Amino acid sequence: MIPRIVRANEGPTKIAPNDKFVGTVYQDQVFLPEDPSRLRVTRVTFAPGGRTNWHTHAVGQILYVLSGVGRYQMEGGPVEEIRPGDTVVIPPKTRHWHGAAPDQMMCHLALSESDDTGAATDWLEAVEDGDYTEAPA
Ligand code: MN
């Protein structure tokens with residue numbers, strides 16, 4: 001790990017792949033893992049209607065909402081609204097999805113780490129429209 005300031009916009013904004021996300025989603029790397037840390041920080045911006053597929057994280061994930069209005073669901077639980085300043089704690093190996101509200105964008109920081117084998121995220125099927133548009137709890 002090299003001491004430095006990583007300047008804003010050093011890397012290009014990437015469009016999230018449509019085999020893992022639905023709709024228009026942008027990813028900006030805030031910090032990539034540097035030994036001995038395994039921490040990865042990504043700023044993710046979801047256009048209205050944009051969301052992740054269902055997925056799990058090997059050692060969990062922390063989301064911190066920066067702007068907009070979003071949605072989050074853990075399998076078996078209700079769809080929940082998330083707003084700026086909210087922190088979502090996602091335990092290891094727990095199926096879930098996150099994204100924007102249908103009519104609002106949402107931007108969050110995503111903080112995650114890999115496990116001893118290097119595994120971080122397992123991507124699964126897309127969230128059905130009917131599940132996504134369920135009124136938040
Ligand atoms: Mn996640």
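# Strand pairing, cores and a manganese site

Strands β3 and β4 run antiparallel and are joined by six bridges. Within this pairing, F31 has V41 of β4 as its bridge partner. The model described here is predicted.

**The sheet**

β3 and β4 belong to an open sheet of six strands. Read across, the order is β1-β3-β4-β12-β7-β10, with antiparallel pairing. Two strands stand at the edges: β1 (14-15) and β10 (87-90). Each has a single partner strand, so one side of each is left without a neighbour in the sheet.

The table gives four of the strand pairs.

| Strand pair | Bridges | Sense |
|---|---|---|
| β1 and β3 (residues 25-31) | two bridges | antiparallel |
| β3 and β4 | six bridges | antiparallel |
| β7 (residues 61-68) and β12 (residues 106-112) | seven bridges | antiparallel |
| β7 and β10 | four bridges | antiparallel |

Individual residues help to fix the register. At one edge, I15 stands opposite Y26 in β3. Further across, I62 faces L111 in β12, and L63 has A110 of β12 as its bridge partner. On the β10 side, Q61 is bridged to I90.

**The manganese site**

Q61 has a second role in this model. Which atoms coordinate the manganese ion? Q61 contributes OE1, while H55, H57, H96 and H98 each contribute NE2. The distances run from 2.1 to 2.2 Å. In sequence, the donor residues follow the spacing H-x1-H-x3-Q-x34-H-x1-H.

Are the donors H55 and Q61 buried or exposed? The cut-off for buried is under 20% relative accessible area. H55 has 1%, so H55 is buried. Q61 has 7%, so Q61 counts as buried too. Q61 thus appears both as a metal donor and as the bridge partner of I90.

**The nonpolar cores**

The largest nonpolar core has 14 residues. Among its members, V25, F46, I82, V88 and M106 touch the most others. Strands β4, β7, β10 and β12 each supply at least two residues of this core. These four strands are also part of the six-strand sheet.

I82 shows how such a residue is surrounded. Leaving aside neighbours within four places in sequence, I82 is in contact with V65, V69, G70, R71, Y72, V88 and M106. Two of these contacts, V88 and M106, are listed beside I82 among the best-connected core residues.

Another core lies apart from the largest one. This second core has five residues, including W54, W97, V127 and Y132. In soluble globular proteins, nonpolar side chains tend to be buried together.

**Aromatic pairs**

How many aromatic pairs does the model hold? The count comes to three. F21 and F46 form one of them, with ring centres 6.5 Å apart. Their planes meet at 45°, so the pair is tilted. The pair links distant parts of the chain. F21 lies in strand β2 (residues 21-22) and F46 in strand β4 (residues 40-46), 25 residues apart. Both rings belong to buried residues. F46 also counts among the residues of the largest core that touch the most other members.

W97 and Y132 form another tilted pair. Their centres are 5.6 Å apart, with 55° between the planes. Again the pair links distant parts of the chain. W97 sits in strand β11 (residues 96-100), whereas Y132 sits in helix α1 (residues 129-132), 35 residues away. W97 and Y132 are both buried, and both belong to the five-residue core.

Ring pairs also build a cluster, made of F21, F46 and W123. At Y132, there is a charge as well: the charged end of R51 sits over the ring, 4.1 Å from its centre.

**An exposed loop residue**

D116 is located in the loop between β12 and β13 (121-123). Exposed means over 50% relative accessible area. D116 reaches 70%, so D116 counts as exposed. In sequence, D116 and A58 are 58 residues apart. In space, their C-alpha atoms are 9.7 Å apart.

Terms used:
Residues are numbered from 1 along each chain as its sequence is written. This is a predicted model: local features need pLDDT of at least 70, side-chain atom pairs count only at pLDDT 80 or more; totals for chains, interfaces and linings use all residues. Side-chain values use heavy atoms; hydrogens and water are left out. Donors are N, O and S atoms within 2.8 Å of the metal (3.2 Å for Na, K and Ca); water is not among the atoms, so sites may look incomplete. Buried means under 20% relative accessible area, exposed over 50%, partly exposed in between (1.4 Å probe, protein chains only). Rings of Phe, Tyr and Trp (its six-membered ring) pair if their centres lie within 6.5 Å; planes under 30 degrees apart count as stacked, over 60 as edge-to-face and the rest as tilted. A charge sits over a ring if NZ of Lys or CZ of Arg is within 6 Å of the ring centre and within 35 degrees of the ring normal. Two strands pair if DSSP finds at least two bridges between them. A nonpolar core is a set of buried Ala, Val, Leu, Ile, Met, Phe, Trp, Tyr and Cys residues joined through side-chain atoms within 4.5 Å. Contact means heavy atoms within 4.5 Å.
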